[in-house]
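Take a look at the sequence and the fold below. What follows walks through the strands, the helices and a few single residues.

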Amino acid sequence: MRRKPRIPPSPLPQREGVDPVRLRLPAAGAWSTVREHLVERLAGRAPVIDEMLATGQVVAADGRPVTPESPFVPGMFVWFHRELPDEERVPFPVDVVYRDEHIVVADKPHFLATTPRGSHVAETALARLRRELDVPALGAAHRLDRLTAGLVLFTVRPEERGAYQSLFRDRLVRKEYAAVAPYAKDIDLPRTVRSRIEKERGVLAAQEVPGEPNAESRIELVEHRDGRALYRLLPRTGQTHQLRVHMSALGVPVLGDPLYPVVAAPVPAGDFRRPLQLLARALEFTDPVTGRRHAFRSARTLGAWSAYDDWAGGGQAQ
């Protein structure tokens, strides 16, 4: 059995709570220099790469700068900081619900990504908490969609992250969501919805497709009034956009959803009106490190239920 290569510690510090990019050069190739490989690997960015190499922004494991003439070494690791995008600040706080020496449980607002991805890098829950709590090693045990608010579990010690991630993989976490959607009296609830959901890379919306189910959600009606209903959603699995897909498939898409049932035009940057009415309300699990039983509950509310006129009129998330 082939051993995984030992990954050296990063020679670069975080920047704005964001880790540097780490790349491992292939085990073989026809490139004569590191530059040649980076230009091919990061297609279309030759001027940026040349500038980074000329100014010492790309470094090897020993912290020494990689130069334009540095030879290609199979399996070599290099690090550099990505250019941070010009991000619109999400004007809502990330509230810490619980913190000990092993975990941090945060109550994330709508519109804030959980971890750096795509155009959301420094303006993410993970980067913010690293800066605000001064815990550079903080990592996410799971993720919430950027548009979904609620509870997210983070780990303090990198060596323990796998133990907490396995809770989600092995379905040992009880997750409860709240959603506001249209009321449909002809839908028999509660019910368990099972289907196969697939999401193609680069496509915004996930799709239900024929095949063995890989997604399971229990959907319960809590209360209804004025044509709207408050639902309790209990996902057993964690496919991308699972709850949103299942609610839409039932004919009651979550209010404020820009993807289901129809992909809407993107909103301008900085538009925080009419947030998606989906909230990760509760997390319950037994701590795999301490053995302690945890039960956390979000303090956030869904505006389309508590103050519909404000939400419908374009009020911002809280």
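Strand β9 and strand β10 (residues 207-209) pair in the antiparallel sense, over 3 bridges. One residue pair shows the match: Ile 197 has Glu 208 in β10 as its bridge partner. This is a predicted model, so every value here is computed from it.

Strand β9 covers residues 191-198 and is also joined to strand β11 (residues 215-225). These two strands run antiparallel, with 5 bridges between them. Here Val 193 has a bridge partner in β11, namely Ser 217.

Strand β11 pairs with strand β12 (residues 228-235) too. The sense is antiparallel and the count is 8 bridges. Glu 220 stands opposite Arg 232 in β12. How many residues lie between β11 and β12 in their hairpin? There are 2. Asp 226 sits in that turn and has a positive phi of about 55 degrees.

**A sheet of three strands**

Another sheet is built from 3 strands. It is open, its pairing is antiparallel, and the order is β1-β3-β2. Which strands are at the edges? They are β1 and β2, and each pairs on one side only.

Strand β1 (residues 21-24) pairs with β3 over 4 bridges. Strand β2 (residues 59-60) is joined to β3 by 2 bridges. Both pairings are antiparallel.

The table lists some residue pairs from the strands described so far.

| Residue | Opposite residue | Strand of the opposite residue |
|---|---|---|
| Arg 24 | Phe 77 | β3 |
| Ala 60 | Val 78 | β3 |
| Ile 197 | Glu 208 | β10 |
| Val 193 | Ser 217 | β11 |
| Glu 220 | Arg 232 | β12 |

Now turn to the side chains of β3. Phe 77 and Trp 79 point one way. Val 78 and Phe 80 point the other way. Why do they take turns like this? In a regular strand, side chains alternate between the two faces of the sheet. Are these four residues of β3 buried or exposed? All of them are buried.

**Helix α2 and its cover**

Helix α2 spans residues 46-54. Its buried residues are Ile 49, Met 52 and Leu 53. Seen down the axis of α2, these buried residues fall within an arc of 95 degrees, so they line one face of the helix. The face turned away from that buried side carries exposed residues, Pro 47 and Ala 54.

What covers the buried residues of α2? The cover includes α1 (34-41) and β3 (77-80). Just after α2 comes Gly 56, which takes a positive phi of about 75 degrees.

Val 39 gives a closer view of α1, the helix that holds it. Val 39 is partly exposed, with a relative accessible area of 22%. Leaving aside neighbours within four places in sequence, Val 39 is in contact with Ala 46 and Ile 49. Val 39 and Ile 49 are 10 residues apart in sequence. In space they are 6.9 Å apart, C-alpha to C-alpha. Ile 49 is one of the buried residues of α2.

**Gln 242 in helix α5**

Gln 242 belongs to helix α5 (residues 242-249). Is Gln 242 buried or exposed? Gln 242 is buried, because its relative accessible area is 3%, and the cut-off for buried is under 20%.

Which side chain makes a polar contact with the side chain of Gln 242? The partner is Thr 237, and the contact is 2.7 Å. Other residues touch Gln 242 as well. Beyond neighbours within four places in sequence, the contacts of Gln 242 include Ile 197, Ala 215, Glu 216 and Ser 217. Pro 235, Arg 236 and Thr 237 are also among them. Two of these names have come up before: Ile 197 is paired with Glu 208, and Ser 217 is paired with Val 193.

**Pro 136 in a loop**

The last stop is a loop. Pro 136 is found between α3 (125-133) and β6 (139-140). At 45% relative accessibility, Pro 136 counts as partly exposed. Pro 136 touches Gln 14 and Arg 130, not counting residues up to four places away in sequence. Pro 13 is 123 residues from Pro 136 along the chain. The C-alpha atoms of Pro 136 and Pro 13 are separated by 9.1 Å.

Methods. Residues are numbered from 1 along each chain as its sequence is written. This is a predicted model: local features need pLDDT of at least 70, side-chain atom pairs count only at pLDDT 80 or more; totals for chains, interfaces and linings use all residues. Side-chain values use heavy atoms; hydrogens and water are left out. Buried means under 20% relative accessible area, exposed over 50%, partly exposed in between (1.4 Å probe, protein chains only). The arc is that of the directions from the helix axis to the C-beta atoms. Contact means heavy atoms within 4.5 Å. A polar contact is a pair of N or O atoms within 3.5 Å; within protein, one must be able to donate a hydrogen and the other to accept it, and residues adjacent in sequence count only if both atoms are side-chain atoms. Two strands pair if DSSP finds at least two bridges between them.
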